[in-house]
Amino acid sequence: MMLYKFEKLNEKLDNLGYPKIDGKSGFQLIQGIDFEKAYKSGSISFEDDGIYLEYNGKKHRGYMFIQNAYITYNGAVEKFPKFHLLKCKVISDFIQNGTFNQRYEWSNSHVNNLVDRQTRTKYNEIRLNICSYCQSDIIEDIQDTEIFFNSLDKEEVEIDLKEVDIFGYEKGKEIISKKYRESRNFTCENCGVKPNSALHRKWWHTHHINGDKTNNSINNLNCLCLLCHSRLDDRHIENFSKGSWPNQIDYFKKIYLEELQKIDNPYIKV
């Protein structure tokens, strides 16, 4: 069992409006952020791969959507709002208008709760599809909020935590993982490729050589890039063939193709 405390984060997000936070394995799930308040306070930034919320010097990748939307307007078939991952045409027009006549929210969750603006019907834990403008502008194959959520790095977030482990498992494994990768300068110990952006560090993993994830001794750890990690053995090949991993691997290979070709990495042909 692990217990996490988020007093500092809660205080900050309270000032932004309607926060809801959950912590699992070192990752902070953030929902209910009033985009207008966060944007006007300078806590929102638009970057090539997402809409970021900043607090305590850390940036968190997320998206925008309208929680109170016309879902069944005048009795029509349910139509849920799209989510916006970039400053696309819809969001640019919304911001340039300057009136903020609709309440957008910022989130990084795989699902969100919605309310029909006309009937006040509540819809809980809805997976949203991406806006067509955003989908055409982003390289990654992110079709919905669940795929987006699965693409996030769950280890990169530094948190103010207190741990209690009654089962004897290694404490702070997410912190240990990050510290080890930092000690290797986020350089793959198999092929030598390193990230060209801090945002790409999520693709450099800490691998446990003997498979025991509770054994965090230095001689049992390896810093591996996503591509090398995904091709280690049959078990890893199978694990990385599920969920959003194939899309992330393809995206990784496109970005680092030149570096991988220099070292003649055989995995780029796989």
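This dialogue walks through several features of a predicted model and how each can be read.

Visitor: What should I keep in mind about numbering and confidence before reading this model?

Guide: Residues are numbered from 1 along each chain as its sequence is written, and side-chain values use heavy atoms, with hydrogens and water left out. The model is predicted, and local features need pLDDT of at least 70, side-chain atom pairs count only at pLDDT 80 or more, while totals for chains, interfaces and linings use all residues.

Visitor: How many helices and strands does the chain have, and what percentage of its residues count as buried?

Guide: Helices (H or I, at least four residues) and strands (E, at least two) are DSSP runs numbered from the N terminus, and the chain has 10 helices and 12 strands. Buried means under 20% relative accessible area, exposed over 50%, and partly exposed in between, with a 1.4 Å probe and protein chains only; of the 270 residues of the chain, 45% count as buried. The accessible surface, taken from the Shrake-Rupley method with a 1.4 Å probe, where for residues only the protein chains shown count as cover, comes to about 14,600 Å², and 47% of this surface belongs to carbon and sulfur atoms. With contact meaning heavy atoms within 4.5 Å, 59% of the contacts between residues at least 6 apart in sequence join residues at least 24 apart.

Visitor: In what order do the strands of the open sheet of 3 strands stand?

Guide: Two strands pair if DSSP finds at least two bridges between them, and here the open sheet has the order β7-β9-β10, with mixed pairing. Because β7 (68-69) and β10 (122-126) each have a single partner strand, they stand at the edges, and one side of each is left without a neighbour in the sheet.

Visitor: Which senses of pairing give the mixed pattern, and which residues stand opposite one another?

Guide: β7 and β9 pair in the parallel sense over 2 bridges, and Asn68 stands opposite Val115 in β9. Strand β9 (residues 112-116) runs antiparallel to β10, to which 3 bridges join it; Leu114 stands opposite Tyr123 in β10, and Val115 stands opposite Lys122 in β10. β9 is largely enclosed by the rest of the structure, because 4 of its 5 residues are buried.

Visitor: What connects β9 to β10, and where else is phi positive?

Guide: Most residues other than glycine have a negative phi. The two strands β9 and β10 form a hairpin with 5 residues between them, and Arg120 in the turn has a positive phi of about 65 degrees. Asn74 has a positive phi near 50 degrees; Asn74 lies in the loop between β7 and α3 (89-97) and is exposed, with a relative accessible area of 58%. Asn185 also has a positive phi, near 55 degrees, and its place is in the loop between α6 (173-183) and β11.

Visitor: Which residues touch Glu47, Tyr133 and His208, leaving out those up to four places away in sequence?

Guide: Glu47, in strand β4 (residues 44-47), is partly exposed at 24% relative accessible area and touches Tyr52, Lys59, Leu86 and Leu199. Glu47 and Lys87 are 40 residues apart in sequence, yet 8.1 Å apart in space, C-alpha to C-alpha. Tyr133, in helix α4 (residues 132-137), is partly exposed at 39% and touches Cys88, Lys89 and Val90; from Tyr133 to Cys88 the separation is 45 residues in sequence and 6.0 Å in space, C-alpha to C-alpha. His208, in strand β11 (residues 204-208), counts as buried because its relative accessibility is 12%, and the residues touched by His208 are Lys213, Asn215, Asn216, Asn220 and Leu221.

Visitor: How many cavities are there, and what lines the largest cavity?

Guide: Rolling a probe the size of a water molecule over the atoms shows where empty space is left. On a 1 Å grid over the protein atoms alone, a cavity is a set of points where a 1.4 Å probe fits but cannot get out, and lining residues have an atom within 4 Å of a point; points are joined across faces, edges and corners, and a volume is the space filled by probe spheres set on them. A search of the whole structure finds 2 cavities of 30 Å³ or more, and about 60 Å³ of space lies in the largest cavity. Its lining consists of Glu140, Asp141, Ile142, Ile147, Ser151, Ser244, Asn247, Gln248 and Tyr251. Two or more lining residues come from each of α5 (145-151) and α9 (245-255), and α9 gives the largest share, 3 residues.

Key
On a 1 Å grid over the protein atoms alone, a cavity is a set of points where a 1.4 Å probe fits but cannot get out, and a pocket is an open set with protein on both sides within 12 Å along at least five of seven lines; lining residues have an atom within 4 Å of a point.
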